[in-house]
Amino acid sequence: MDTSKTNDIPVTELIRSAIEARNKAYAPYSGYLVGAAVLTNELRIYTGCNIENAAYTPSICAERTAISKAVSEGWRRFKAIAVAGSPAGEIVQYAFPCGVCRQVMREFAKDDTFLVIVAKSEQDYKVFTLKELLPEGFGPENLNP
């Protein structure tokens with residue numbers, strides 16, 4: 001794995017924080033538990049978990065929960081996010097952010113430098129730029145040319 005793009009990112013701490021957040025997930029309908037940890041440009045970490053709702057639409061993903069918590073505290077620029085998710089029990093797969101979460105990330109991060117870390121554990125993970133996961137994404141600059 002090319003670690004040059006993660007030099008200034010506390011990858012292990014982010015993954016650990018995402019896994020801990022996963023333990024707080026509320027997913028009684030799908031049983032799919034997700035935790036996320038977002039890193040601000042100022043190196044603060046905010047965590048979130050998925051929170052389901054019987055009406056489905058009001059459910060919120062872990063990634064958007066973490067970003068919403070950071071934004072509500074005044075932080076609006078991010079360097080990276082770690083995501084850990086899988087059906088209840090041991091984490092056995094990589095959980096990639098959904099399209100809505102990718103679009104929210106795009107609102108607050110530079111798509112060519114923001115890192116998305118999908119993890120099964122602190123040792124087993126993959127790193128992508130947001131641009132790799134959301135090519136030709138729509139962002140604020142499209143509205144303010």
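This passage describes salt bridges, unpaired charged residues, backbone outliers and pockets in a predicted model.

The charged side chains make a good starting point. Side chains of opposite charge can pair when their charged atoms come close. In this model, four salt bridges are found. One of them brings together Arg-16 and Glu-122, with an N to O distance of 3.2 Å. This pairing spans distant parts of the chain, as Arg-16 belongs to helix 1 (residues 11-22) while Glu-122 sits in the loop between strand 4 (115-119) and strand 5 (125-129), and 106 residues separate the two. Both partners have intermediate accessibility: Arg-16 is partly exposed at a relative accessible area of 36%, and Glu-122 is likewise partly exposed at 26%.

A network of salt bridges links Arg-106, Asp-111 and Glu-141. Within this network, Arg-106 pairs with Asp-111, where the closest N and O atoms are 3.6 Å apart. The side chain of Arg-106 also meets that of Glu-141, here with an N to O distance of 2.2 Å. Because Glu-141 lies in helix 5 (residues 140-143) and Arg-106 in helix 3 (residues 99-108), this pair ties together parts that are 35 residues apart in sequence. The three members of the network can also be described by their accessibility. Arg-106 has a relative accessibility of 7% and therefore counts as buried, and Asp-111, at 14%, is buried too. Glu-141, in turn, has a relative accessible area of 43% and is partly exposed.

Not every buried charge finds such a partner. Glu-52, in the loop between strand 2 and helix 2, is buried but has no salt bridge, and the nearest side chain of opposite charge, that of Arg-64, is 11 Å away. What the side chain of Glu-52 does have is a polar contact of 2.3 Å with the side chain of Ser-30. A similar question arises for Arg-102, a residue of helix 3. Which side chain of opposite charge is nearest to the buried Arg-102, and how far away is it? It is Glu-63, at 7.6 Å, and Arg-102 has no salt bridge. Since a salt bridge calls for a side-chain nitrogen of Lys or Arg within 4 Å of a carboxyl oxygen of Asp or Glu, the distance of 7.6 Å between Arg-102 and Glu-63 does not qualify. The side chain of Arg-102 instead reaches the backbone oxygen of Leu-133, at 2.7 Å.

The backbone deserves a look as well. Most residues other than glycine have a negative phi, and most peptide bonds are trans. Leu-43 has a positive phi of about 70° although it is not a glycine. Leu-43 is located in the loop between strand 1 (32-40) and strand 2 (45-49), and its relative accessibility of 53% makes it exposed. Glu-136 is another non-glycine residue with a positive phi, in this case near 55°. The loop between helix 4 (130-133) and helix 5 holds Glu-136, which is exposed with a relative accessible area of 77%.

The pockets complete the picture. Rolling a probe the size of a water molecule over the atoms shows where empty space is left. The largest pocket has a volume of about 180 Å³. Its lining is made up of 14 residues, with Tyr-32, Val-34, Cys-61, Glu-63 and Phe-96 lying nearest the centre. Strand 1 and helix 2 (62-72) are the elements that each give two or more residues to this lining, and helix 2 supplies the largest share, three residues. By class, the lining of the largest pocket comprises ten nonpolar, two polar and two charged residues. Glu-63 thus appears in two roles, as a residue lying nearest the centre of the largest pocket and as the nearest side chain of opposite charge to Arg-102.

The second largest pocket has a volume of about 160 Å³. Asn-41, Arg-77, Phe-78, Arg-106, Glu-107, Phe-108, Ala-109, Lys-110, Thr-113 and Pro-140 line this pocket. Helix 3 makes the greatest contribution, with three residues. The lining of the second largest pocket divides into four nonpolar, two polar and four charged residues. Arg-106 connects two parts of this account, as it belongs to the salt-bridge network with Asp-111 and Glu-141 and also lines the second largest pocket.

Technical notes
Residues numbered from 1 in each chain as written. Predicted model: local features only at pLDDT ≥ 70, side-chain atom pairs only at ≥ 80, totals over all residues. Heavy atoms only, no water. Helix = DSSP H or I, 4+ residues; strand = E, 2+ residues; numbered from the N terminus. Buried < 20%, exposed > 50% of the residue type's maximum accessible area, 1.4 Å probe, protein only. 1 Å grid on protein atoms, 1.4 Å probe; cavity = no way out; pocket = protein on both sides within 12 Å on 5 of 7 lines; lining within 4 Å. Points joined across faces, edges and corners; volume = space filled by probe spheres on them. Nonpolar A, V, L, I, M, F, W, Y, C, P; charged D, E, K, R; others polar. Lys, Arg positive; Asp, Glu negative; His and termini not counted. Polar contact = N/O pair within 3.5 Å; in protein donor to acceptor, adjacent residues only side chain to side chain.
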